[in-house]
Amino acid sequence: TIFTASTTAPVNIATLKYWGKRDKTLNLPTNSSISVTLAQNDLRTLTSAATSERFDEDQLWLNGKLESLESERTQHCLQDLRDLRAKLEAQNPSLPSMSKWKLHIVSENNFPTAAGLASSAAGFAALVVAISKLYQLPESASEISKIARKGSGSACRSLFGGYVAWEMGTAADGSDSKAVEVAPQDHWPEMKAAILVVSAAKKDTPSTSGMQHTVGTSDLFQERITNVVPKRFEEMKQAIWSRDFAQFAELTMRDSNSFHATCLDSYPPIFYMNDTSRQIVKLCHQINAFFDEVVVAYTFDAGPNAVLYYLQENETKVMAFIHQVFQQNSGWDSKFSKQDLEVFS
Ligand code: DP6
C-alpha cells in the first residue's frame with residue numbers, strides 16, 4: 001500500500017520583521033514577528049507526501065526536479081515528524097509503522113520565480129503540514145509550526161492564514177517559540193497586498209548569513225530588539241484587532257525601515273534595497289501625503305522587491321500612481337522604463 005496526503009501553504013510577508021537568531025540550529029529568533037499570509041489560492045506551494053514500506057529512500061521533487069533531502073534543516077523536520085508518528089504508533093499498535101518507512105515528496109510553487117519571493121516559508125510549511133497529515137498527527141497548528149520553524153524561521157508563520165504572530169519564546173529548547181493566530185483573514189478581508197518586482201535576480205546575501213552578520217556587528221540591532229520591537233509587537237496586534245489601517249501601515253513602514261537600517265549598520269554593511277526600492281518608498285509617502293490619509297504601506301524583505309499593503313477600496317488610487325510613475329515613464333524619473341517593474345496583485 002502507498003499512503004498519500006497533500007496540502008497547500010501560502011506565502012507570508014512579515015510586517016514586523018524577524019531578523020536575528022539566538023539559536024542557529026533551532027532557528028530561535030531574537031525578536032517576535034508578525035506577518036500577513038497571502039490568500040490560499042494566490043501565491044502558494046502545493047506539496048504531496050507519500051510513504052510505503054516498499055520505498056527505498058527519501059526523495060523530493062521540487063518543481064519537477066529531483067532535489068536532495070540531505071540539508072540539515074530538512075532532516076531536522078523529517079526527524080521531528082517521524083518521532084511524533086512513532087509516539088502515536090506506540091499508543092496505537094494497530095497503526096501502520098509509517099515512522100520507519102521512506103517518504104516521497106512532490107512540491108510545486110504556483111508563483112513565477114520572477115516574483116523574487118523567498119519560497120522557503122511556503123515550502124517548509126507545506127512540507128511539514130503534508131507529512132503531518134499523512135501521519136495523522138493530532139498536534140495543533142502551533143505545535144506543528146515549531147517543526148516548520150526548524151526548516152526556515154519564517155515558515156512557522158505560514159501554518160496560519162490571515163494575521164499571524166511568531167512568539168519568540170524564551171526556552172532554550174524552542175518549546176515556546178511558535179506561531180499563533182492574531183486574527184483570521186475574514187477579520188479584515190479588505191486588506192490587499194501587491195508585489196512590485198524590482199529585480200528577479202537572486203539576492204546577494206542570503207537571509208540566514210545576513211542576520212548572523214547583523215547580530216554580530218550592528219550596534220543599532222541591540223536597540224531594535226530591546227527597545228523598539230517588543231513595543232511595536234503589541235501595537236501592531238492592537239492595530240490589526242481594531243482594523244486601524246493608518247496605524248498598521250505606519251508600524252509596517254517603520255519596521256521595514258528599522259530592519260534595513262540594521263542591515264546598513266552591519267559592518268561591512270548589507271544593502272538589500274536599491275534606487276528603485278527607495279523611489280517606491282518615496283512614492284508611497286507622496287501618495288499618502290497627496291490623499292492626506294494613509295492609504296498604502298510598503299515593506300521590503302532581504303531583497304529590493306516591495307510588497308505594498310492597502311485596503312481594497314483604495315486599490316485604484318494606489319495603482320494609478322504606481323502605473324503613472326513606473327510604467328508610463330512620465331513625470332517622476334525618466335530612468336525607469338516599463339521593464340523596471342512587474343506588478344503582481
Ligand atoms: C527578511 O525565514 O528566510 O524575510 O530562518 O534563516 O530560514 P531562516 O530565515 P528566513 O528569514 C526571513 C527574513 C525576512 C523577515 C521575515 O520574514 O520576518
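**How do you know? Strands, a helix and a ligand**

Reader: What makes you say that helix H2 is largely enclosed?

Author: This is a predicted model, and in it 13 of the 15 residues of H2 are buried, so the rest of the structure largely encloses this helix. Buried here means that 20 or more other C-beta atoms lie within 10 Å of a residue's own.

Reader: How do you know what H2, residues 120-134, should span?

Author: Take 1.5 Å times one less than the number of residues. For the 15 residues of H2 that gives 21 Å, and the end C-alpha atoms are 21 Å apart, so the two agree. Just after H2 comes Gln-136, with a positive phi near 50°.

Reader: What about strand E14, residues 306-311: why call it largely enclosed?

Author: Because five of its six residues are buried.

Reader: Which strands pair with E14, and how do you know?

Author: Pairing takes at least two bridges. Strand E12 (residues 191-197) has six to E14, and strand E13 (residues 296-300) has five, so by that cut-off both count as paired with E14. E12 runs antiparallel to E14, and E13 does too. Ile-195 stands opposite Val-307, while Ala-297 stands opposite Tyr-309. A hairpin of five residues links E13 to E14.

Reader: What surrounds the ligand?

Author: A shell of 15 residues, the closest being Ala-14, Tyr-18, Ser-152, Gly-153 and Ser-154. By class, that shell has five nonpolar, eight polar and two charged residues. Gly counts as polar in this scheme.

Note on methods:
Residues are numbered from 1 along each chain as its sequence is written. This is a predicted model: local features need pLDDT of at least 70, side-chain atom pairs count only at pLDDT 80 or more; totals for chains, interfaces and linings use all residues. A residue is buried if 20 or more other C-beta atoms lie within 10 Å of its own, exposed if 12 or fewer, and partly exposed in between; C-beta atoms are placed from the backbone. Helices (H or I, at least four residues) and strands (E, at least two) are DSSP runs, numbered from the N terminus. A residue is near a molecule or strand if its C-beta atom, placed from the backbone, lies within 6 Å of it.
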